[in-house]
Amino acid sequence: MSDAEPKIAPHEIAGNRLTLLADGPERLDALIGLIDGARQSLRMLYYIWCEDESGTRVRDALVRAAERGVEVALLVDGFGAADVKESFFAPLAEAGARFCRFVPRWGRRYLLRNHQKLALADGRKVIIGGFNISDDYFGSIEAGDWRDLGLQVEGESVDCLIGYFDSLFAWALKPEARIRDLRRLLNQKSVTEGQLHWLFGGPTRRLSPWARAVRRDLKRARRLDIIAAYFAPGPVLMRRTGNVARRRRGGQVRVITPSKTDHQSTVGAARHTYWTLLRRGARIFEYVATKLHTKLFVLDDVAYLGSANFDMRSLFLNLELMLRVEDKAFADAMRRYVDGEIANSVEITLEEHRKQRTLLNRIKWGIAYFLVAIADYRIAHRLNFAGEKLLD
């Protein structure tokens, strides 16, 4: 397998330039270039940050930016970056940068993850996607590193992220921050007009802006392509996904999931959904070239890219950032990207899945799905909203 592939040309959409960052080294070069090119401000938001070569290189680029007078702010997740010592980030503070860990606490944000990935320069250029700051997100397929996807956006639509980041950073600093304030922030800062929708997700009682948008698009879609590192939708969403394939006049569904990942229980949870989807006419593929971490959804002429997977946590709990792009040429380009990923995958047909669907496997997959899609979500949801009531 190889990650050498035809490049997808940048797209100009509503005055914004969108550039796909499909390869690991390309993403790291783009990120360092964005930091080095900043003149006024840098706002960084990441789930995982590792104390390795890449993590050090990005940190040092931020330090240089702060030393030349750029206003730098970095927010990392307290769980995803738990192994990184405070001394590692100390040079940022010494250079004048603002730094904060998003730390879950009992009764407040408990089991809540800040899963977003964002690097924003001068309020005009941003890099988003599914990748974290770690060597294995910037490597190659041949080396066995994560297969992931980034997107660089330059243009006026990006400036809405300034207010969102600043409000989230301020919320994370509050010792008694309320979930209801976070919920209000997610709704108020989401942009739902024009061809580019900046959508945020989090622990809401109803659907978050991004989950609401994807549900609406699912209801009318006739073509659906999904690449999801973690694929474990709830029963209702799973049926709606399968129903796209059953629609008259050419309903088509293609789903790419990992064959190997960092949490094998998520592979089992995904396989639990195959029977329902295959029987409705969906096509299922397992990516075999390396570990898969991509998050991409294409519904008719709409594409979603960002940090969210297609599971209960991403839809209803984690803080997520997704860009909805409504443009036929861009959606067609994303489908060509999906075609390339299918070439590095193995198709799971109904007949093949029937052979794999032994009683033992069904039990294992069912347990994995229960843990990933039901138990984890319900426990975290109840703790967060129980904490909200106590604080209110």
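This passage describes selected helices, loop residues and residue contacts in a predicted model.

Helix α8 comprises 16 residues, 264–279. At 1.5 Å a residue, a helix of this length should span 22 Å, and the end C-alpha atoms of α8 are 24 Å apart, which agrees with the expected value. The helix nevertheless carries a kink of about 30°, centred on Thr 273. Thr 273 itself is among the buried residues of α8. The others in this group are Thr 266, Val 267, Gly 268, Ala 269 and Ala 270, together with Tyr 274, Trp 275, Leu 277 and Leu 278. Just after the helix, Gly 281 adopts a positive phi of about 100°.

Helices α6 (residues 209–220) and α7 (residues 235–245) pack against each other at an angle of about 35°. Their axes lie 8 Å apart, and the crossing is left-handed. On the α6 side the contact is made by Arg 215, Leu 218 and Lys 219, which meet Leu 237, Arg 240, Thr 241 and Val 244 of α7. By class, this contact has three nonpolar, one polar and three charged residues. The spacing of contacting residues along a helix can be read against its geometry: an α-helix has 3.6 residues a turn, so residues three or four places apart point the same way.

The loop that leads from β9 (196–201) to α6 contains Ser 208. Ser 208 has a relative accessible area of 0% and is therefore buried. Beyond residues up to four places away in sequence, Ser 208 touches Phe 200, Gly 201, Gly 202 and Leu 315.

A second buried serine, Ser 314, belongs to helix α9 (residues 312–316). Its relative accessible area is 1%, so Ser 314 counts as buried, the cut-off being under 20%. With neighbours within four places in sequence left aside, Ser 314 is in contact with Trp 210, Ala 308, Asn 309 and Glu 320. The C-alpha atoms of Ser 314 and Tyr 230 are separated by 9.1 Å, although these residues are 84 residues apart along the chain.

Two positions outside glycine have positive phi values in loops between strands. Most residues other than glycine have a negative phi, and most peptide bonds are trans. Ala 14, which is not a glycine, has a positive phi of about 50°. Ala 14 is found in the loop between β1 (11–13) and β2 (16–21). With a relative accessibility of 55%, Ala 14 counts as exposed, because the cut-off for that class is over 50%. Asp 122 likewise is not a glycine and has a positive phi of about 60°. The loop that holds Asp 122 runs between β6 (118–121) and β7 (125–129). Asp 122 has a relative accessibility of 23% and so counts as partly exposed.

Leu 34 is situated in helix α1 (residues 24–37). At a relative accessibility of 2%, Leu 34 counts as buried. Not counting residues up to four places away in sequence, Leu 34 touches Leu 42, Ala 119, Ala 121, Lys 125, Val 126 and Ile 127. Among these, Ala 119 and Ala 121 fall within the residue range of β6, and Lys 125, Val 126 and Ile 127 within that of β7. Leu 34 and Arg 223 are 189 residues apart in sequence, and their C-alpha atoms are 35 Å apart in space.

Leu 182, in helix α5 (residues 179–189), is also buried, with a relative accessible area of 0%. Leaving aside neighbours within four places in sequence, Leu 182 is in contact with Leu 112, Leu 168, Trp 171, Pro 203 and Leu 319. Of these partners, Leu 168 and Trp 171 lie within the residue range of helix α4 (residues 160–173). The C-alpha atoms of Leu 182 and Asp 301 are separated by 31 Å, with their positions 119 residues apart along the chain.

Helix α4 also contains Ala 170. Ala 170 has a relative accessibility of 37% and therefore counts as partly exposed. The C-alpha atoms of Ala 170 and Glu 94 are separated by 20 Å, and the two residues are 76 residues apart along the chain.

Terms used. Residues numbered from 1 in each chain as written. Predicted model: local features only at pLDDT ≥ 70, side-chain atom pairs only at ≥ 80, totals over all residues. Heavy atoms only, no water. Helix = DSSP H or I, 4+ residues; strand = E, 2+ residues; numbered from the N terminus. Expected span 1.5 Å × (residues − 1). Bend = angle between axes of the 7 residues up to and from the residue. Buried < 20%, exposed > 50% of the residue type's maximum accessible area, 1.4 Å probe, protein only. Axes fitted to C-alpha atoms, helices over the stretch in contact; angles between N-to-C directions. Left-handed = near helix turned anticlockwise from the far one by under 90°. Contact = heavy atoms within 4.5 Å. Nonpolar A, V, L, I, M, F, W, Y, C, P; charged D, E, K, R; others polar.
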